[in-house]
Amino acid sequence: MTTPDRAEELHERAPLSFRTAASDLTTITLDPGVSYQSMDGFGASLTDSAAAVLYRLDPAKRDAALRSLFDPRQGIGVSFLRQPVGSSDFTATATHYSYDDVPAGQTDFALRHFSIAHDEAQILPLLRRARQLNPQLTVMGTPWSPPAWMKTSGSLIGGHLIDDPAVYDAYARYLVKYVQAYAKAGVPIDYLTVQNEPQNRHDGGYPGTALPVPQEAKVISALGPLLRKVSPRTKILGYDHNWTTHPGDVATTPAGEDPETDYPYRLLASPAGKWLAGTAYHCYSGDPSAQTALHQAFPTKGIWFTECSGSHGPDDTPADIFKGTLTWHARTLAIGTTRNWAKSVVNWNIALDSTGGPHLGGCDTCTGLLTLQPDGTVTRDAEYYTIGHLSKFVKPGAVRIASTSFGTTGWNGQLMDVAFRNPDSSTALIVHNENDAPRSFAVAVGARTFEYSLPGGALATFTWPRGSFPVPHRITTEPTATASSPGAQDAVDADAATRWSSQAPQAPGQYLQADLGTPTAYTKIAIDSGDNLGDYARAFTLTASNDGVHWRTLATGTGTGQLTTVTVRATRSRYLRVTNTGTSSSWWSIADLRLYR
């Protein structure tokens, strides 16, 4: 449990037990038989600045900080790092650098000056120690800029990659040499992108490159065959930018140039798409639903969430910063990205000092997982806990499984969750109470349930080992629906954060009808009113039909709480209708209508 007032910070509460009884509370229902993406890991970036901050500590304190981050038992088990390839805005040196810097006006197409010596001082020793502490660590590389001699600006800051086949070839070989050099140094690279934020044209005083889709595609097409030969473990990800094109990036698009607001779609559809494992996203514009939209368009390609920094206003107190970061990151990143197909959740800096630095250009209000204070102590920020609620309990290779979730990334004051099955078949369920008031709820797995109450704004992870919980098979059809009031489709969209409602006090004759598309066999129906307290049908009738004209009664009953589950004799029908036969001053809502065999 972690609470916004810091009364509990990843605090382990007393264990509880499942029971064989239903609950009248809002019920989070897990369906382990329905699975989604596998997970690579959770973490941040060990930037040049983060390394410099950690090296201000004496060796014992530095190792204690690393253990708190990477050790799966003594720490939170950070399992994914996204590493800058060369300099970024979070650079502790006096000048920015790449791995192949030559005097202005010179070139180095043979890459004779390539060297990762800068990283050998602090970054690579920390990465090697991180891999010792967590051997399952995944490492991703991302450049903020190619070497300056490859660019139209002649600088690491600003400009485009020079549109020349020899430059595309040289840049591809540069990235391959980075992968090989890091592997030789004991840090294999699992994923690689070719440009951080390719649409970010702002001159923020730090490395950056505008890389339109045709240019990124050319780099990837040159890089793919080379990587396949020398480092087949290293997969390429595209884009590495926001959920939607930032308005500022649209506004800075040069006259006559396309702002490419559908950048990841174009890239995946290009010839370079065959070399891509998928797409990487950031959090600074749009929302995580963009990930699901891309997944639906390219279902064989993966989604990785790779950057988001905590930040704050000039007048925010430490308490404000912790609460705001915890609650936003909980609903948007920890749960929002993973419920939208992300295989990773990665913050920005893993450690900074109390001034939000050191940095060379760029963000001056960013926060990390750890902060080095002026007195030499190391404190843990909200990001440490939001990542920890995932990384400590959701292991690499875990698979997300279906669970009903009622909250939204835009905040609706309800309960939000995501569930995973680990490689050892244990389960991890992460739940966030978006409301400022305490909320009680139940968790159901088959016929087993437990009840719990979360403080306002709290984030909690529940885990239980592999067990013999018989779970009915959920039928995952895509029905259409009609009803006595508008919005019927929201009851059958497999999203409990949306709902159909009667839009009036309950009265006999109100109904919801689902068309399953084809005659379908089922034995159990779940009528889930979600987290809209009191909106359950006081009395109802279930009827079925194969033609939509002739109906037979399956069951009648009364509701007593938010989830009503009805078991019927084995039935096969195309249509299913739920009709309200009771009265109440409450509206009648159905957030999720589910069928089981």
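Begin by selecting Cys-283 and Cys-308: Cys-283 is buried, and Cys-308 is buried as well. As you look at them, keep in mind that the model on your screen is a predicted one. With the side chains shown, you will find that a disulfide links Cys-283 to Cys-308, with an S to S distance of 2.1 Å. If you follow the backbone on either side, Cys-283 sits in the loop between strand E7 (276-282) and helix H9 (289-297), while Cys-308 sits in the loop between strand E8 (302-307) and helix H10 (318-337), so the pair ties together parts that are 25 residues apart in sequence. Turn the view to look along the bond between the two sulfur atoms: the torsion about the S-S bond of Cys-283 and Cys-308 is about 75°, so this disulfide is right-handed.

How many disulfides does a search of the whole structure find? The search finds two, and for the other one you should select Cys-363 and Cys-366, whose sulfur atoms lie 2.1 Å apart in a disulfide. Here the torsion about the S-S bond of Cys-363 and Cys-366 is about 120°, so this disulfide, too, is right-handed. Cys-366 has a relative accessibility of 8%, and because buried means under 20%, Cys-366 counts as buried. When the bonded cysteines of the protein chain are numbered in sequence order, the pairing reads 1-2, 3-4.

Next, move to Gly-357 and Pro-358 and display the backbone atoms, where a cis peptide bond joins Gly-357 to Pro-358, with omega at about 0°. To place this bond in its surroundings, trace the chain around Pro-358, which is found in the loop between strand E10 (351-353) and strand E11 (370-372).

The last two stops concern backbone torsions. Select Leu-111, which has a phi near 60°, a positive value in a residue other than glycine. Leu-111 is found in the loop that runs between strand E3 (80-84) and helix H3 (117-121). Is Leu-111 buried or exposed? With a relative accessibility of 4%, Leu-111 counts as buried.

Finally, select Glu-260, which is not a glycine and yet has a positive phi of about 50°. Where does Glu-260 lie? Tracing the chain in both directions places Glu-260 in the loop between helix H7 (247-251) and helix H8 (263-269). If you add a surface to the view, look for Glu-260 with its accessibility in mind, because its relative accessible area is 6% and the residue is buried.

Note on methods
Residues numbered from 1 in each chain as written. Predicted model: local features only at pLDDT ≥ 70, side-chain atom pairs only at ≥ 80, totals over all residues. Heavy atoms only, no water. Helix = DSSP H or I, 4+ residues; strand = E, 2+ residues; numbered from the N terminus. Buried < 20%, exposed > 50% of the residue type's maximum accessible area, 1.4 Å probe, protein only. Disulfide = S-S within 2.5 Å.
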